[in-house]
Amino acid sequence: MGASSSSLLDESKINYIRGRTEAELKNFSPHYRRQSCVAFFCHLKDEVEQHRAAQSQLLKQKVPPEASEVLYKDSMLYFDDNRKWRERLVVVRADYSLELHDSQESYTKGTPARHKLLPTGGTVLTSEEKYTAVVDKDFPDPNGCKEEPSVPMVVVPGPLPVYLRLPYRRDSYFCFHQEEKRARFVSILNDCIRHQNQDFVKSTAHEVQAFLKAIHFYRQEKGHYESWDMLVGTDTQVLANLVLEDLLPSLQTELLPKLKGKKPERKRVWFATVEATYELVHEQLREGLESLKTECINASKQQEALIRSDMDQIINSQTFVETKLQALVSDPAMKYCLESVSPYLTSILEELMGPVSAGFQAVRLLLEDELTRVCKDFPQGGVTEELQTALQQVGRDRMEDCYQHVNVLKEQLQELRNRFKFSNSSRVVHCTQGQMQQLMENAVYTFELLLQSALKDKPDKQASVMEKAKLRVLKQFDYDSSTVRKKIFLEALVDITLPAIKRSLAPACKTELQNFEQFVFADYTNFVQVENIYENILLNLLNNEVNKVVKEAASLKKNNLFADSTDLQCVSQSSLADSRTPPLSAPSSPPPVQASMTPSQQPELIHQNSQQTTVIPALKITPETPQADLPPTLPNSSSSPIPDVSSSEPENVSPAEESSSSQPEATSSIVKDENESVSSDRAVYLNSTNTESPVPLADASENGNVEEDAGSSQSDTRCVQPDGPVEETVDKTVSVEAAPSIEKDENDTQDIPVPLDCDGPVEDAVVLAADVVEKCSVSADPEDGSADGVQSIRDLIMEVIEVEETVRPCAENLP
């Protein structure tokens, strides 16, 4: 592609640019080849070890739409290549590219777009003054201070302009006559910029990770350790930005003095020259990078057999080198981290948490308001096309207000320039806003799925079903919001401070790294890179410090973060059909335990922070007998939730009974572990109506004990061992965990919450549980009792277990 006729590039300049581009690609290629081998090895290692990303969110994510799907379409005035304003139809596709068509008629006929715009790295401005200031800043005019104030580069024909400022490329100009239309276009244009910037670099594909690592090490080779604000777009765009960053200073020195005429004309010619240079570089890199990637892919396939056969030896080689490097790196890295990084982590986190949490809270309030409106507008009629259309529009026109809370980070993080040389605040802002948008879309999609599932069983109760679905979605949003925000904080703190550690240790450690290459077997040098191991050591060290700070922040209620809890692991992998919600999304303090309660009435359960919590009754049998009197291990007890059985009064056991008590004791320990593992499953049967803003998670639940008695509070019971009867008379107290609000009246079931779409199985489980309680509370004569009596109890318990597994199977028990 040749240069623009209005640029200053002649044939000699074009050849110079091509030579510089070829040299940059040649210097970059060794880094890419090395990282391609390492990334391919890590990919195969994860495949062999079956590493899968843990599901850390509760809301369901919709399958991404086809790239050709239309997200936005509207007509507006556009400043075209002929420097004239024309009416154009702007279409935004699901790949977040902009197409400009001549008219609605040409678009309908399938005529190709006149122009396709990729707004990577762009900035949207709606004020002529702000746009002119940005352009003047990017125009290195040595005579700028001697001239009159700048005049507009483009005269806008309407009152509502939109300026799209693009790095190294021609700017775009739009004009509107209605504020509502402009606001909608600005919102979708900002979405396009965020996705064009981040979608490629967020990919977990090993080819993408190899490229990003290669860029990282290539820049470090030039002495650039800080986070790079031009790491946006595709691999070709990123590499073109890298070439232009080094190439433009020389072009400025040589070409700017040749510019003649008034300032607007000089700016136009200079920016045309920059655009022509970018097009030359981009086209050349596209071809060269494509060839390089093909070469690396073929080389990786040839090495696949070696990697798979020698996987363990390669891993051992990595571990050995890492151990050697630890001795060199750990002490100086830890010293610098403790002295120059750790003291500032808390203050940096405080700067981040305010705007980020405010943004997510604004999204939650918007979600609640929009879902409430939908519930009022569609009280009945099922999931119709009108309802689906309304859900698709939820939050689209108002998300920009939520994003504004996060935009202040661009100014707040500027203070980090001096200490950590951090200047990439735009990346933090765009990543945060992207997560806010994704969370809103996930919540709306989950709400729609819940409705579709629940209304199949209750088509005549749409109003109540929609309200329950809204409350559950808000609870899940609270948990996911906390998870996402903690991830944002962790990544931002590492992104800000890690370059400072590398820069500090580089003079002493980087020169020593080549000495460690001798510890790598010659056959494995492609897969074991010392520089990667070195950086992983530094990253792990910093991650430990950052995790401490974030966990401490999560323990404070003011920060609106949930504390880490393993109880939610099973919930996070549950299906929507389970109708599960995360415990605790509404703010409050844990309920105080009444002093009048006896120890037996205070079960060891996790407290839930919900003000109004109702829990499905969970069976808990508490016989006041030694563990030796328990039945033997049930079949499949290792994978099934079993009612908790504990002893409150120790009793003397005869020697003959001690030998038969070992197996039941093992059963008791298994029972305890299994009840702990399913505690979250029981806790998540919540239906809280409190939808206030979230507070820190304090895993808890309100519960009370209901004693089963038949005329008295206790009943004499005799348990029979399989090996022989036990002649001990014991007291059994059967308690049922339930919320204080649950009544024992069988006719009053409205206070007992049930999942949106699992009413039948849960009721069966409660009936079976009550049946077990009744059976277990009946006095049995040891002379009449036999293995048949014990087996009948086993069968009843196994029925409860099977029903529970059908209603809400835990991830660990799934095949």
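User: Happy to look at this predicted model with you. Where does helix α1 bend, and by how much?

Analyst: Glad to help! The bend in α1 is about 30° and sits at Phe 28. A proline, Pro 30, follows within four residues.

User: How do you know that the span of α1 agrees with its number of residues?

Analyst: Helix α1 covers residues 11-49, which is 39 residues. At 1.5 Å a residue they should span 57 Å, and the end C-alpha atoms lie 55 Å apart, so the two agree. Just after α1 comes Gln 50, with a positive phi near 55°.

User: What makes α8 roughly antiparallel to α10?

Analyst: Helix α8 (residues 311-377) and helix α10 (residues 399-407) pack at about 165°, with axes 7 Å apart. Angles over 145 degrees count as roughly antiparallel, so the label fits this pair. The crossing is right-handed. Residues making the contact include Pro 355 and Leu 366 of α8, and Met 399 and His 405 of α10. By class, this contact has 8 nonpolar, 2 polar and no charged residues.

User: And why is α8 called roughly parallel to α13?

Analyst: Their axes cross at roughly 25° and come within 11 Å, α13 being residues 425-454. The cut-off for roughly parallel is under 35 degrees, so this pair qualifies. Here too α8 passes α13 in a right-handed crossing. Among the contact residues are Leu 352, Phe 360 and Cys 375 of α8, with Val 428, Met 436 and Phe 447 from α13.

User: Which classes of residue make up the contact of α8 with α13?

Analyst: That contact divides into 15 nonpolar, 3 polar and no charged residues.

Methods:
Residues are numbered from 1 along each chain as its sequence is written. This is a predicted model: local features need pLDDT of at least 70, side-chain atom pairs count only at pLDDT 80 or more; totals for chains, interfaces and linings use all residues. Side-chain values use heavy atoms; hydrogens and water are left out. Axes are lines fitted to C-alpha atoms, for helices over the stretch in contact, and angles run from 0 to 180 degrees between N-to-C directions. Helices (H or I, at least four residues) and strands (E, at least two) are DSSP runs, numbered from the N terminus. Angles under 35 degrees count as roughly parallel, over 145 as roughly antiparallel, 65 to 115 as roughly perpendicular and the rest as oblique. A crossing is left-handed if the near helix is turned anticlockwise from the far one by less than a right angle, and right-handed if clockwise. Contact means heavy atoms within 4.5 Å. Ala, Val, Leu, Ile, Met, Phe, Trp, Tyr, Cys and Pro count as nonpolar, Asp, Glu, Lys and Arg as charged, and the others, Gly among them, as polar. The expected span of a helix is 1.5 Å times one less than its number of residues. The bend at a residue is the angle between axes fitted to the seven residues ending there and the seven starting there.
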